Amino acid sequence: MTSGNAKRPAVLSIGRIYCDLIFTGLGSLPGLGREVFAQDMKMAAGGGAFIAAAHMAHAGREVALVARLGTDALSAGIEPELRASGADLQFLEKSPGAGPQVTVASVIGNDRAFLSRRAGSALPDTLDAALAWTAAGHLHIAEYATLHEIPDLVSRAKARGLTVSLDPSWDETLIYEADLLDRCAGVDIFLPNMEEATAITRENDPVAAVEMLAEAFPVVALKAGGDGAWLKSKGQVLHRLAEAVPVIDTTGAGDAFNAGFIDAWLSGENEETCLAAGIHYGSLAVQAAGGSAILRRPEHRIAS
């Protein structure tokens, strides 16, 4: 499994950046007219593009975030975390219209529910410059909604010689679109979770889902939480269980998986190694509240 690049290529990670308000220690979600109290809450930088970029930087991969960031107080509050992640921010556009962009994550046991607000367009004015960056060899699209807003994104990346990965990410208004797979034409690595794969294929069995998706994509890595992940590539289906680790918050675990998988794939590793790398990074992410929070612990920090 290889990207075809002789040198170690940099990654462009594109998508929306969110201010995540993460509530943990909940017994249930509130019903209408009711109130529940969380044991803890924290604010963290979120969005698949950032979380994947932070984990790629942790892996030692050069990665640039291609995104828009608001100038409001919540956006300003997560900027130090963006800068501390190790991701290159030269293609980060700042605009009053890009925020506040917020996700409220309610964590109950090993599951979570999200309430999000998008702001403005997903298209950064830095996109042309990012695609022209000579260090780049790969584009990671963190959610199908971004591709939906920028429909020529894959073709523009391919014209620059980049390989492309896509995490569809759940969006109730888009995930059931009949032409979703057609709009994803040209994507090299497709990275859904089980719920997204079922919505797209109508298959509840992970093997059946990856087999169907593999008709559209050369590489399909399907994430299934504690059940691990399935991979279809080069005609074979592989499965690997999740690592046995304490689970604090599963927010961003799929994006961390993406980072580990893509980094190994770009390094030319075999299928088993790519799958193991994805599982390892996903398992790492769940051990703290916030998709990249674990990376800021002293034992995991990137050496300066």
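A residue counts as exposed when its relative accessible area is over 50%, as buried when that area is under 20%, and as partly exposed in between. The tour uses these words throughout, and the model it walks through is predicted.

**Stop 1: Asp128 and Arg156**

Select Asp128. Its relative accessibility is 52%, so Asp128 counts as exposed. Now add Arg156, which is partly exposed with a relative accessible area of 25%. Asp128 and Arg156 form a salt bridge, with the closest N and O atoms 2.3 Å apart. Asp128 belongs to helix α3 (residues 127-131) and Arg156 to helix α5 (residues 153-159), so this pair links parts of the chain that are 28 residues apart.

**Stop 2: the whole chain**

Zoom out and show the chain as a cartoon. There are 10 helices and 13 strands to find. The C-alpha atoms fill a box of roughly 50 × 40 × 40 Å along the principal axes. The radius of gyration is 18 Å, which agrees with the value near 19 Å for a compact globule of 304 residues. Buried residues account for 55% of the chain. Of the contacts between residues at least 6 apart in sequence, 70% join residues at least 24 apart.

**Stop 3: the nonpolar cores**

Select Ile17, Leu65, Leu82, Phe257 and Phe261. These residues have the most contacts inside the largest nonpolar core, which has 46 residues. Elements that each supply at least two residues of this core include β2 (18-24), β4, α2 and α9 (253-266). Helix α1 gives the largest share, eight residues. Apart from this core lies another, of 41 residues; Ile14, Ala136, Met194 and Val220 are among them.

**Stop 4: Asp72, ahead of helix α2**

Move to Asp72, in the loop between β4 (63-69) and α2 (73-84). Which side chain of opposite charge is nearest to Asp72? That side chain is Arg117, 6.9 Å away; Asp72 is buried yet has no salt bridge. At the start of α2, a side-chain oxygen of Asp72 comes within 3.2 Å of the backbone nitrogen of Leu74. Leaving aside neighbours within four places in sequence, Asp72 is in contact with Gly99 and Pro100.

**Stop 5: helix α2 and Glu79**

Follow α2 and colour its buried residues: Ser75, Ile78, Glu79, Glu81 and Leu82. They pack against β2, β3 (40-46), α1, β4 and β5 (92-94). After the helix comes Gly86, whose phi is positive, near 95°.

Go back to Glu79. This residue is buried, with a relative accessible area of 14%. Leaving aside neighbours within four places in sequence, its contacts are Leu69 and Lys94. The side chains of Glu79 and Lys94 meet in a salt bridge, 2.5 Å from N to O. Lys94 lies in strand β5 and Glu79 in helix α2, so the pair ties together parts 15 residues apart in sequence. Lys94 has 44% relative accessibility and counts as partly exposed.

**Stop 6: other salt bridges**

The structure holds 15 salt bridges. Select Glu211 and Lys232 for one of them, with the closest N and O atoms 2.5 Å apart. Glu211 is in helix α8 (residues 206-213) and Lys232 in strand β12, so the pair ties together parts 21 residues apart in sequence. Is each partner buried or partly exposed? Glu211, at 34% relative accessibility, counts as partly exposed, and Lys232, at 11%, counts as buried.

Finish with Arg8, Arg61 and Asp263, which are linked in a network of salt bridges.

Note on methods:
Residues are numbered from 1 along each chain as its sequence is written. This is a predicted model: local features need pLDDT of at least 70, side-chain atom pairs count only at pLDDT 80 or more; totals for chains, interfaces and linings use all residues. Side-chain values use heavy atoms; hydrogens and water are left out. Helices (H or I, at least four residues) and strands (E, at least two) are DSSP runs, numbered from the N terminus. Buried means under 20% relative accessible area, exposed over 50%, partly exposed in between (1.4 Å probe, protein chains only). Lys and Arg count as positive and Asp and Glu as negative; His and the chain ends are not counted. A salt bridge is a side-chain nitrogen of Lys or Arg within 4 Å of a carboxyl oxygen of Asp or Glu. Contact means heavy atoms within 4.5 Å. A nonpolar core is a set of buried Ala, Val, Leu, Ile, Met, Phe, Trp, Tyr and Cys residues joined through side-chain atoms within 4.5 Å. The radius of gyration is taken over C-alpha atoms; the globule rule is 2.2 Å times the number of residues to the power 0.38. A polar contact is a pair of N or O atoms within 3.5 Å; within protein, one must be able to donate a hydrogen and the other to accept it, and residues adjacent in sequence count only if both atoms are side-chain atoms.
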